[in-house]
Amino acid sequence: MATSTVENYLKQILLEQQRVEGSPVPMGKVASALGVVPGTTTTMAKSLADSGLVNYAPRKGVRLTEEGEKLALHVLRRHRLIELFLVEILGLGWSEIHEEAEKLEHVISDKVLEKIDALLGFPTVDPHGDPIPTAKGKIDARSLENLSGCPLGEPLRISRITDQAPEFLRFIENNGLQPGAELKISEQNRVAGTLTFSLSKGKTLTIGASAAKKILVE
Ligand SMILES: [Zn+2]
């Protein structure tokens, strides 16, 4: 059984790998995402490599081995199913579930997890629109467009929010921009870096480019 620290590293490496196809993930990136000192990550990279969970190239970074990826996908499955459970069954707020799931993902048993999966009707996405890996370790890897790259006037549907920071999620929630919301972009100001769009309820909103990049649509 992997420790929660190992599980956090593997999960973070997997998330970074999904962003950059094929190339090694720099350990510095993993460190800053996990909020740890870069020095300790080198030791961790070596130890993960010794356990056969990653391939480590000094100064370049790491890639998960098949075994490492299997473990990482299982942690991600636990995290995302727990998030959905917290919202759907326990009624927790959409913006507070990520922090809770960060803790629970390391302690839940497979038995309880599979019960939760069945109770929720074998869902494929979590409340943020992130795909839930199957018990066999398969994950939907379709790539979605972010809001800043979309054409004006076309009907769009929000399907995923990529930033899980509570303040960003609260902003999304307060403005009704959760997965499922429909919108049309009315104006894109490249100079100011802003994007204006209308939501289905007739509400108009202007956001900056960095926020727009964290909202994925189809
Ligand atoms: Zn989360």
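A residue is called buried when its relative accessible area is under 20%, exposed when it is over 50%, and partly exposed in between (1.4 Å probe, protein chains only). Keep that handy for the zinc site below.

This is a predicted model, where local features need pLDDT of at least 70, side-chain atom pairs count only at pLDDT 80 or more, and totals for chains, interfaces and linings use all residues. Residues are numbered from 1 along each chain as its sequence is written, and side-chain values use heavy atoms, with hydrogens and water left out.

Let's look at the zinc ion. Its protein donors (N, O and S atoms within 2.8 Å of the metal, or 3.2 Å for Na, K and Ca) are His 79 (NE2), Glu 83 (OE), His 98 (ND1) and Gln 164 (OE1), and they sit 1.9 to 2.3 Å from the ion. Water is not among the atoms, so sites may look incomplete. Along the chain, the donors follow the spacing H-x3-E-x14-H-x65-Q. His 79 and Gln 164 are 85 residues apart, so to speak a link between distant parts of the chain.

Here is how those two compare with the cut-off above:

| Residue | Where | Relative accessible area |
|---|---|---|
| His 79 | helix H4 | 3%, buried |
| Gln 164 | loop between strand S4 (155–161) and helix H7 (166–174) | 15%, buried |

Helices (H or I, at least four residues) and strands (E, at least two) are DSSP runs, numbered from the N terminus. Helix H4 (residues 66–88) also packs against helix H1 (residues 4–19) at an angle of about 95°, with their axes 8 Å apart. Axes here are lines fitted to C-alpha atoms, for helices over the stretch in contact, and angles run from 0 to 180 degrees between N-to-C directions.
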